[in-house]
Every structure is written in C-alpha cells, then in structure tokens.
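User: Please go through this structure with me in questions and answers. I am new to the subject.

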Amino acid sequence: MKKVHVLLSVYNGERYLAQQLDSILAQQGIQVSLLVRDDASFDRTPQILASYAGKYKNISVYAGTRKGAAGSFFDLLARTGITADYYAFADQDDVWYTDKLVQAVRRLERESARQAREEAAVGKHAQPLLYAGKVVCASSDLERQERFAFQVNRKASFGNALVENICMGCTEVFNRSLLLLAREHLPQENVMHDWWMYLTASYFGKVIFDQKAYMLYRQHGNNAVGMQNRWGTRWKNRIRHMRKKKRKLSRQAKVFQRAYAGLPALRREDAGRLERLCGYRGSFGKRICLAADTGIYRQNRVDDFVCRLIAVLGCL
C-alpha cells in the first residue's frame with residue numbers, strides 16, 4: 001500500500017476544518033499521514049488540531065508565523081520528510097471523496113511504470129510527476145453542488161503553465177522527485193505554490209490532468225482563491241486581471257528562470273519558450289514572436305486571444 005503524505009495549511013479554519021480532516025483520514029486504498037501548519041490562527045483552530053493530533057498518530061502539527069497561503073505551503077514543502085511515496089496539498093475547508101488519493105496514485109503509478117521501462121532502456125533518472133484534476137464546486141453547507149464550467153481541453157504543458165494555472169493546489173498529488181526538486185529551488189518572490197509546482201513539473205517532467213473530480217471545493221467568502229462560474233463575472237475578472245496583474249506573467253517567468261538557473265529543461269522547446277517570455281519586451285518583433293507562438297496558450301479561446309493581445313502590448 002502506497003504512502004501519501006498530505007501537506008495541509010490552515011488559518012482560522014475552525015468552521016470547516018474537522019470535516020476536512022475527517023475526509024482525509026477516511027481515504028481508502030493508501031496509507032495516509034498529515035503534516036499540518038497553522039499559519040498563526042487566532043480562532044479555535046489550534047485546539048482542533050491539538051485534539052486530532054492527540055487522537056491520531058499519523059497527524060503532525062506545528063505553528064508558524066503568518067506567511068499567507070503560498071508561503072505556508074512552501075514552508076510545508078521545506079519541512080516535510082521524504083519517506084512517503086507521494087505527497088499532496090490540501091486546503092482546510094474542502095471535503096474529499098474517499099478515493100481521491102488512490103485515484104491520483106493509480107495514475108501516477110502508471111506513468112511511473114512507463115517511465116521505468118524507458119529508464120531501463122536509456123538510463124534516465126525518475127522524472128518529476130504531478131497529478132491534478134477537476135473539482136465539484138459546493139456551497140458553504142455542501143448542499144448545492146455543480147461542476148466548475150471551466151474546461152481543460154488542451155493538454156497540460158509548460159507552454160500553458162507560463163500563462164495559466166490549471167492545477168488547483170487542493171487537487172495536486174506529486175512524487176518524491178518533484179518534492180525534492182521544488183524544495184531545493186523555492187521562489188524568493190510572491191508566486192502561488194500550486195502554480196509553481198505546475199511550472200516545475202511541466203518543465204522537468206510530466207503533468208497528468210484528470211478530467212474527473214474527486215472532491216468538493218467549498219465556496220464561501222473566505223476562500224484564499226475562489227472560482228467563478230458566471231460568464232459576466234469571468235469577464236469582469238479578465239478586465240481586473242489586466243489592470244492588477246500587469247506584467248505578472250513575465251515577472252513570474254523570470255523568477256522561475258532564476259530559481260532553476262543552470263538546470264536543463266526536459267524538452268528543448270520549453271527552454272526556448274521560457275527565454276522568449278522573459279525577454280519579449282525587448283522589441284516589438286519579440287512581442288509579435290511571443291504572441292504568435294502556438295506552443296504558449298490558455299485553455300479558453302477568448303482567454304487565449306486576450307493573452308496574445310496583451311503580449312503584443314507588452315503587458316504580460
């Protein structure tokens with residue numbers, strides 16, 4: 001039975017935390033353990049965690065200074081042990097189906113077996129692997145549920161990861177190779193942890209995206225990152241993103257380039273795309289070249305068009 005170590009960051013999660021912990025402990029077909037970081041909560045979260053840690057030997061808890069969601073998860077990556085077969089991120093307020101982790105492990109195991117056959121033939125080392133998938137959006141009381149309308153129709157790739165994150169952290173499960181690589185090259189600037197894992201895995205290994213959902217993603221006013229299904233709301237978010245996140249993607253690409261300086265990409269074309277985005281503002285011709293690169297894309301056609309337009313304007 002494979003061991004999966006779950007990394008859970010919590011902050012003032014007293015309302016839903018117990019339900020999420022119960023759903024993680026109820027995982028079937030794998031051996032699960034948890035490392036929980038309390039991101040300086042001031043409600044009853046510490047007491048809830050202490051109660052669970054006292055009752056279950058497979059739960060470890062520690063408290064830290066306030067870092068925010070991304071910083072807290074990066075701290076978990078840096079502190080976790082390396083004895084598990086796979087690792088997973090978890091948010092404090094969701095509910096997992098009992099087969100969430102085992103389904104991810106099965107997909108990762110199949111890919112690992114395929115890689116092993118290739119490694120035996122060419123002498124490669126194990127590649128970083130990342131699994132992610134869809135979610136079922138749910139109301140705060142979990143009574144209203146619907147699949148998120150956003151469609152992932154094109155494959156997960158580094159070209160996609162440069163301009164869009166389709167891998168939600170609460171769905172991510174990854175192998176030890178990705179854990180070790182990512183924690184040796186943690187970003188020194190503000191980058192979301194799940195997006196960083198998508199960039200890293202797609203540049204140096206492989207990303208498996210599951211079209212099925214194995215968890216309830218609870219929507220409420222305190223979500224660190226939420227989802228919007230309504231068409232009008234998504235357009236408002238597009239406009240807000242253009243104004244607020246000007247040149248965010250190129251800055252993030254440069255952070256990634258610096259963090260992994262000297263390490264070769266698994267695919268040469270991805271190294272070229274990274275270089276292209278990092279230096280695209282050098283001239284109008286470079287902006288046109290970036291906008292014309294079909295290997296860099298967003299999943300939604302309208303989003304993809306807007307992204308290319310922003311590239312021409314030099315605002316990615």
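**Burial, cores and a helix pair**

Analyst: Of the 316 residues in the chain, 51% count as buried. The model is a predicted one.

User: How many helices and strands does the chain have?

Analyst: Both kinds of element occur in the chain. The count is 12 helices and nine strands.

User: Which helix gives the most to the largest nonpolar core?

Analyst: The largest nonpolar core has 55 residues. Leu130, Leu162, Phe174, Phe256 and Leu316 have the most contacts inside this core. Eight residues of the core come from one helix, the top contributor, and that helix is α7.

User: How many residues are in the other core, the one with Ile48 and Tyr131?

Analyst: This core lies apart from the largest one. Among its members are also Cys137 and Tyr217. Its size is 35 residues.

User: Is α3 parallel or oblique to α7?

Analyst: Two packed helices are described by the angle between their axes and the distance between the axes. For α3 (residues 68-79) and α7 (residues 193-204), the axes are 8 Å apart and the angle is about 55°. An angle between 35 and 65 degrees falls in neither the roughly parallel nor the roughly perpendicular class. Therefore α3 is, relative to α7, oblique.

User: How many nonpolar residues does the contact of α3 with α7 have?

Analyst: From α3 come Ala69, Ala70, Phe73, Phe74 and Leu77, and they meet His193, Trp196 and Met197 of α7. By class, one residue in this contact is polar and none is charged. The number of nonpolar residues is seven.

How values were computed
Residues are numbered from 1 along each chain as its sequence is written. This is a predicted model: local features need pLDDT of at least 70, side-chain atom pairs count only at pLDDT 80 or more; totals for chains, interfaces and linings use all residues. Side-chain values use heavy atoms; hydrogens and water are left out. Axes are lines fitted to C-alpha atoms, for helices over the stretch in contact, and angles run from 0 to 180 degrees between N-to-C directions. Helices (H or I, at least four residues) and strands (E, at least two) are DSSP runs, numbered from the N terminus. Angles under 35 degrees count as roughly parallel, over 145 as roughly antiparallel, 65 to 115 as roughly perpendicular and the rest as oblique. Contact means heavy atoms within 4.5 Å. Ala, Val, Leu, Ile, Met, Phe, Trp, Tyr, Cys and Pro count as nonpolar, Asp, Glu, Lys and Arg as charged, and the others, Gly among them, as polar. A nonpolar core is a set of buried Ala, Val, Leu, Ile, Met, Phe, Trp, Tyr and Cys residues joined through side-chain atoms within 4.5 Å. Buried means under 20% relative accessible area, exposed over 50%, partly exposed in between (1.4 Å probe, protein chains only).
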